[in-house]
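Here is a short briefing on one protein model. Keep the 3D view open as you read.

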Amino acid sequence: MLTSDKIIVQQILDQCQINGVKHIVISPGSRNAPFSIAFDEHPDFETYIVHDERSAAFFALGIADETQAPVALCCTSGSAAFNYAPAIAEAYYRSVPLIVITADRPAAWINQGDGQTIMQNNIFGGHVRVSYEFDDQHQTEDDHWKSQREIASAFNMGLGKWKGPIHFNVGLNEPLYNVIEKTNSYSRKITVIPNTISWNQETIKYIKETLSKQKVMLLCGQLPKNEMLQQLIVKFANNSNCAVLVENTSNLQSTEFNPCIDRSLNAINNKKEPEFIPEVLITIGGAIVSKRIKNFIRRNKIKTHWKIGSEFPEMDTYQCLTHHFDVTPLLFFKEIDAFDYQRNQINYAGKWKKIDIQSKDATALFESKNQKPTDINVFQTLQENLPEGIVLHMSNSSVVRYCQLFDPITGIEYRANRGTSGIDGSTSTAMGSAFISPEKQHLLISGDISFLYDSNALWNQNTISNLKIIVINNSGGGIFRIIEGPSKTKQLNKYFEAEHQQSVAHLAHGFGWDYEVIAEKIDLSERISKFLLRKEGKAILEIVTDQEMNALDLQHFFDSIKTNITHGIS
Ligand SMILES: Cc1ncc(C[n+]2csc(CCOP(=O)(O)OP(=O)(O)O)c2C)c(N)n1
C-alpha cells in the first residue's frame, strides 16, 4: 500500500483506523496533499470531496450524526481552516466526534507574507475537546513517541465519555506529494476502561427517597435514537410521581410522554401553574428548543436539579443545578430501574398528561381561516402527511419550533443543528446524513433564509437521491415576526426579517434539482402529499406563505387551544 512519506501523516491515519474512523471528508488544496493522497491510497477509508469547507464540515457532521461514529475532515491552510469553525462549534455543543485535520505551513513561515498562511495554532479556541500542533520534522525516536501518544490521547478525549471534535494542526514542508510503500504501523491505542456505577449506600438512599416522595420532572433534550433508553424511560414514566417531557429532537417517543411542551404550557392557566411545578428536575440530552419551559423552570426556582451525562458538567441551564451524575442516561436509568423505591405516591404525571391530551384535542380543531397558506397552516398540513420512518431534518429557527407543536410521528427520526442553533449549515448536514444512509428517505424542512445561506450545500458531487427539501418561503426570517421585540420595531423588515428577492427556483435549477412551488391554499394538502410520496429525491418544494399573516395565525392557533380547553374539550 502506498502512503505519504511523512510520518506524522501516517501516524494520524493509523490512529484514525484503529479508532474506527471510516469516512473522510476532504476539501481540495495543496498543503493537505499528503493527507489526501494517504487517505485515498488506504483501503480502509472512504473519501468524499466537498469544496466549500463550511459546507464540508457540516456534511461531515451529518455523516457522524447518522452513523454515530467519528468522521474525519481535512483541509488546506489559511482561511479554509476558519471555514470549518461553524460546524465545529455545532459539533462541540452537540458532543459529536469529528477528527479535524488542518494542514498548515511550517511554523517558521507564519506571518511572513506567504500565501494561504494565517495563525492556525488553536484556531478553534475552546470549541474542540483538544487541539494539538504537529510538524513533519520527526528527527528522533522521541519525536515519534511524543506525537503518537498525543494523537492517542486526543482520540481518547474526543471519543471518550464526553465526546466532541478534536483538532490536529499539522505544519507540512514541501515536497508534499511524495509517496512510499507503507512498512511501519504507528497504531498505538491507550484504552480507557470506563468507570461503572459504584454509588455508595448513602447516595442510593438519597436517590430512592427523592424519587419516592417528590414531584419529578424528567426533561429530555436532543439525543440520537436509542431503543433501549426509550424502553427504560417508558418504565421510569410508569410512576405517577414522574412527568416525562420530551421534544421531538430527543427521539424518545411514547404515549406516556408529554411531547409538545409549548402547546401544554400555553394551555396552563396562571392560577394552575403551581400544580405543574416539579420539586425535582432531571435532565438528559442536549439542547432544549422550548424557551417557555426554560423560563417556567427558572422563574419557579426548583429545589433539586439532577443533570445526567458526562458532557458539560457545570452547564446550569435552569439556574438550579444541584447534582451532576457523571454517567450516561442509559446507565443511570438501567441502575435506578432496579431500585425498589415507592412509586405512584403523587399524581403529578397525570396533571401533565391531562393538559397534553386536552391541548392535542384542541389543536385538531384549529383551522386557519387565512386566504393564503400561513406557516402554521403548512406545518399542520405537513403533520398530516409526513410518512413514517423518514429522517426529518429541521432548520433553525421557526421550523424547529413549529415542529414542536405537533406530536412526533412514530418512527420518524428528528434532527436539527441545535448545538449552536445556526442557520448556516442545515442543508449541508442533511446532505451528509442522507448521503451516508441511502437506504433511508430524508426530508429537510427549511426556512428560506437558511436555505439561501447554505445553498452551496447543493454543490456536492456525491450521489444523493434520497433527500427532498421543503423550503417554507415566508419572505425572510419569519422568526423575527413571532418573537417579542423585533416585531415591534420599525427596523423589522430591513434589519431582522431581511426581506429578499432571491429565487429558490433559480438555485434549484442551477444545481440540477427538481423544483416545484405552491403559493395558493387550494390543493395544499394534496400537493404536499404528492411531493412527499414521490420516489425520487433531489427535489425541492417551495411553499410561499403569507408574510404579513403568519404571526397572527400562529397567535390564533395558540388562542384557539386555550379557548377550546376553557370550553371543556376532552
Ligand atoms: C449563522 C447564523 N446567523 C444568524 C442567525 C440569526 N437568525 C436566527 S433565525 C434567522 C432567520 C432565519 O430565517 P429562515 O431560515 O427563513 O427561517 P424562519 O425564521 O423564517 O423560520 C436568523 C438570521 C443564526 N441563527 N445563525
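**A parallel sheet and its surroundings**

Strands S17 and S19 are parallel partners, joined by six bridges. The model is predicted. The points below start with this pair, then move to the whole sheet, a helix across it, a helix pair and one buried histidine.

**Around strand S19**
- Ile472 sits opposite Ile543 of S19.
- S19, residues 539-544, also runs parallel to S18, and five bridges join the two.
- Asp514 faces Ala539 in S19.
- Tyr515 is placed opposite Ile540 of S19.
- How many of the six residues of S19 are buried? Five of them are, so the strand counts as mostly covered, with buried meaning under 20% relative accessible area.

**The whole sheet**
- The sheet is open and has six strands.
- Their order is S15-S14-S16-S17-S19-S18, and the pairing is parallel.
- Which strands form the edges? They are S15 (413-416) and S18 (514-518), each of which pairs on one side only.
- On average, neighbouring strands are turned by 20 degrees against each other, direction ignored.
- In a regular strand, side chains alternate between the two faces of the sheet.

**A helix across the sheet**
- Helix H16 covers residues 426-436.
- H16 lies across four strands: S14 (391-394), S15, S16 (442-447) and S17 (467-473).
- H16 runs at about 180 degrees to S16.

**Two helices that cross**
- Helix H14 spans residues 375-385, and helix H21 spans residues 524-533.
- Their axes come within 10 Å and cross at roughly 50 degrees.
- Why are H14 and H21 called oblique to each other? Their angle of roughly 50 degrees lies between the under 35 degrees that counts as roughly parallel and the 65 to 115 that counts as roughly perpendicular, so the pair is oblique.
- The crossing of H14 and H21 is right-handed.
- On the H14 side, the contact residues are Asn377, Val378, Thr381, Leu382 and Asn385.
- On the H21 side, they are Leu524, Ser525, Ile528, Ser529 and Leu532.
- By class, this contact of H14 with H21 holds five nonpolar residues, five polar residues and no charged ones.

**A buried histidine**
- His305 belongs to strand S12, residues 304-308.
- Is His305 buried or exposed? His305 has 1% relative accessibility, so it counts as buried.
- Leaving aside neighbours within four places in sequence, His305 is in contact with Leu281, Thr283, Tyr318, Cys320, Leu321, Thr322 and His323.

Methods: Residues are numbered from 1 along each chain as its sequence is written. This is a predicted model: local features need pLDDT of at least 70, side-chain atom pairs count only at pLDDT 80 or more; totals for chains, interfaces and linings use all residues. Side-chain values use heavy atoms; hydrogens and water are left out. Axes are lines fitted to C-alpha atoms, for helices over the stretch in contact, and angles run from 0 to 180 degrees between N-to-C directions. Angles under 35 degrees count as roughly parallel, over 145 as roughly antiparallel, 65 to 115 as roughly perpendicular and the rest as oblique. A crossing is left-handed if the near helix is turned anticlockwise from the far one by less than a right angle, and right-handed if clockwise. Contact means heavy atoms within 4.5 Å. Ala, Val, Leu, Ile, Met, Phe, Trp, Tyr, Cys and Pro count as nonpolar, Asp, Glu, Lys and Arg as charged, and the others, Gly among them, as polar. Two strands pair if DSSP finds at least two bridges between them. Buried means under 20% relative accessible area, exposed over 50%, partly exposed in between (1.4 Å probe, protein chains only).
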